[in-house]
Amino acid sequence: MDYEPESEDPFRDDDEPDSHLSLEKESTKEYVVYLVDSSQKMFNSTCPASADDQKEESHFHIALNCISQSLKNQIINRSYDEVAICFFNTREKRNLQELSGVFVFTVPERDFLDRPTARYIKEFDRIEESFAKDIGSQHDIVSGTRENSLNNAIWAAQALLRKGSAKTVDKRVLLFTNEDDPFGSIKGAIKSDMTRMTLQRAKDARDLGISIELLPLSHPSEPFNVSQFYADLIGLEEDELVEFMPSAGNKLEDMKDQLRKRMFKKRIVKKLKFMIVDGISIELNSYALIRPTVPGAITWLDSVTNQPLKSERSFICNDTGALVEESTRRFYPYKDQNITFSVKELSDIKRISTGHLHLLGFKPLSCLRDYYNLKPSTFLYPSDEGMDGSICIFIALHRSMIQLKRFAVAFCGSSSRPQLVALIAQDEVIQSGGQIEPPGMHMIYLPYSDDIRLVEEHHSGKGGMVTKASNDQIKKAADVIKRIDLKDFSVCQFANPGLQRHYAVLQALALDEDEIPEIKDETLPDEEGLARPGVVRALEEFKTSVYGENYEEECEANSKQSEASKKRKAQAEVATKECENYDWNDLADTGKLKDLTVVELKYYLTANNLPVSGKKEALVSRILTHMKK
């Protein structure tokens, strides 16, 4: 629950959606169960901690570290997802079915599958220290029994993921192990039975909409053979085996070094009714392609219980003190009287449009300018859920706009800001058998006339003339851009250092960490790259073409001149202040000016912008002349 302060504005929009927070709550959630192999081989096998570090870490430690980093980032990325951590091949057991060799980790006041909390993460970070004592490890298959820990673990994970509908919840099982053949020590019919039972259990889970992902841990000298057993368990095809191990390795690295950022999944932001002509309309789904990243909303907590607060507003009668229902009428003060409105009248006043798209006409694509796009566009795709035939009409309109090279102009009405929009058809792009760009339309919000500023007016001189670059200057600028151009640039390559530090501080406070992780500012200039001879030469040529050859000398002279002027200004301020402490007319009339020191005489001269050179007699004479005495 979040603290949602009520607006005191009587003209507040009651039908407007709150914010992206409400959209996030309604979006598809994800339930994840981490299955961690706890056999002795996980503790004995090691691999390098990183490519640059020679330190060796056990596979069990690497698995726990990956999960810990995922939990910490999940609170920022996907705060409404729920997780469970399940160890198998354990001595102790704790699960819903009381299955042997399976231990589900949790903390008090939390279900097995639930949202991660600060206490849950702190306890999990310490579990490796007490694992041998409290949980324990055992061999994959207990001698003399037919207990199958892997089969039990998948069964326990399936039971944990029973809650929630597969239509609204994505259910995943992430399996960490370094044993490519869990039944290698068993022979004959027993091994066949165990293999068949485990594969069938995994197939049943997949049929229920639960995806099983394998994260194999291996040493460079002992590669993991996924085709031995797990290819059948996770449903890999033969052509997918070659690419599986590299992709799994990248996934592990991503889990260990995840960026703190909010993740917004693909979801329908809003359903729109597109009215083409009278009597013909289709239903569209709108999707937000990109949005600014900001810190999460503030949550007010009780100072004693630390529980989230929710505000409530009540109306109390002044005469009786009784609790009354909210008034159905509102008022707005105007001059000396209150103008009253009913809730319905107020809603009708504010409703400029119905909130649907109204087609106005078509224009050639050449009429559309790049600078019309003032904010991120919205992607539109048809839906047949509300109106039959929407997809067919949309396809016909989409094809015609692409063939005729035209875009549609429409009115997008809303209660807050009615606006004209441009609908641009995008054709499907397929490369290497995969879809790169989907077919649909981009809705670009067109600016009002006062939203457009002319650059020429801003940079024009007093005579209205605009200084333009010469061909040589343009060529030198193009050379600089070519030298420092970033290959395959993407905005995802750079993180906001302010947000990264914000999340790091929150994490340190929540988990009682002593040190705040060091944040690398990737937005700083690449000094090493800019120091390359080719870049330096291109920059110098560009500066020379624009500012001339003596630019640096003039800058130094101007800098020295500005420092001297600052010094003179400071001396004048001091002299003016000191000059006010003397009665100069009385000193001149009584002949006491000659009794003052040279420094005191210069106070008067500096304050009145007079020369200060010469001997004392010259200074006194200059002051008397200025005072006309």
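**Exercise 1. Overall composition**

How many helices and how many strands does the protein have? State also the share of residues that are buried and the extent of the exposed surface.

*Solution.* The model under study is predicted.

Step 1. The protein has 20 helices and 20 strands.

Step 2. Of the 629 residues in the protein, 33% are buried.

Step 3. The exposed area comes to about 40,100 Å². Carbon and sulfur atoms supply 52% of this area.

Step 4. Consider contacts between residues at least 6 apart in sequence: 67% of these join residues at least 24 apart.

**Exercise 2. A salt bridge between Glu179 and Lys41**

Describe the salt bridge of Glu179 with Lys41, and explain what the pair ties together.

*Solution.*

Step 1. The closest N and O atoms of Glu179 and Lys41 are 3.7 Å apart. A salt bridge requires a side-chain nitrogen of Lys or Arg within 4 Å of a carboxyl oxygen of Asp or Glu, so the pair qualifies.

Step 2. Glu179 belongs to the loop between β6 (169–177) and α7 (188–207), while Lys41 belongs to helix α2 (residues 40–44), so the salt bridge ties together parts that are 138 residues apart in sequence.

Step 3. Glu179 has a relative accessible area of 16% and is buried. Lys41, at 30% relative accessibility, is partly exposed.

Step 4. The pair is one of 14 salt bridges found in a search of the whole structure.

**Exercise 3. Two salt bridges involving helix α7**

Where do the partners of the salt bridges Lys191 with Asp181 and Asp193 with Arg196 lie? Classify each partner as buried, partly exposed or exposed.

*Solution.*

Step 1. The side chains of Lys191 and Asp181 meet in a salt bridge with an N to O distance of 3.4 Å. Lys191 is in helix α7 and Asp181 is in the loop between β6 and α7, 10 residues apart.

Step 2. Lys191 is partly exposed at 24% relative accessibility. Asp181 is buried, its relative accessible area being 14%.

Step 3. In the second pair, Asp193 and Arg196, the closest N and O atoms are 3.8 Å apart. Both residues lie in helix α7, three residues apart, which is about one turn of the helix.

Step 4. Asp193 has a relative accessible area of 26% and is partly exposed. Arg196 reaches 53%. Exposed means over 50%, so Arg196 counts as exposed.

Step 5. Elsewhere, Glu30, Arg172 and Glu213 are linked in a network of salt bridges.

**Exercise 4. The surroundings of Leu71**

Is Leu71 buried or exposed? Which residues is Leu71 in contact with, leaving aside its neighbours within four places in sequence?

*Solution.*

Step 1. Leu71 is found in helix α3 (residues 59–77).

Step 2. The relative accessibility of Leu71 is 0%. Buried means under 20%, so Leu71 counts as buried.

Step 3. Apart from neighbours within four places in sequence, Leu71 is in contact with Tyr34, Val83, Ile85, Pro116, Tyr120, Ile121 and Phe124.

Step 4. Take Ile121 from this list. Leu71 and Ile121 are 50 residues apart in sequence, and their C-alpha atoms are 7.0 Å apart in space.

**Exercise 5. Positive phi values**

What is the phi of Asn89, and what is the phi of Lys405? Determine whether each residue is buried or exposed.

*Solution.*

Step 1. Phi of Asn89 is near 65°, a positive value in a residue other than glycine. Asn89 is located in the loop between β4 (82–88) and β5 (102–105).

Step 2. With 4% relative accessibility, Asn89 counts as buried.

Step 3. Phi of Lys405 is near 55°, also positive in a residue other than glycine. Lys405 is located in the loop between α11 (390–404) and β16 (406–412).

Step 4. Lys405 has a relative accessible area of 59% and is exposed.

**Exercise 6. Charged patches on the surface**

Which residues form the negative surface patch, and which gather in the patch of positive charge?

*Solution.*

Step 1. The negative patch consists of Glu237, Glu238, Glu240 and Glu243. Glu240 lies in the loop between α8 (230–234) and α9 (241–256), and is partly exposed at 37% relative accessibility.

Step 2. The positive patch brings together Lys482, Arg483, Lys487, Arg532 and Arg537. Arg537 is found in helix α16 (residues 533–547), and is partly exposed at 44% relative accessibility.

Notes. Residues are numbered from 1 along each chain as its sequence is written. This is a predicted model: local features need pLDDT of at least 70, side-chain atom pairs count only at pLDDT 80 or more; totals for chains, interfaces and linings use all residues. Side-chain values use heavy atoms; hydrogens and water are left out. Helices (H or I, at least four residues) and strands (E, at least two) are DSSP runs, numbered from the N terminus. Buried means under 20% relative accessible area, exposed over 50%, partly exposed in between (1.4 Å probe, protein chains only). Contact means heavy atoms within 4.5 Å. Accessible areas come from the Shrake-Rupley method with a 1.4 Å probe; for residues, only the protein chains shown count as cover. Patches are made of residues with over 30% relative accessible area and no salt bridge: like charges are joined within 9 Å, nonpolar side chains (Val, Leu, Ile, Met, Phe, Trp, Tyr) within 5 Å. Lys and Arg count as positive and Asp and Glu as negative; His and the chain ends are not counted. The place of a charge is taken as NZ of Lys, CZ of Arg, CG of Asp or CD of Glu.
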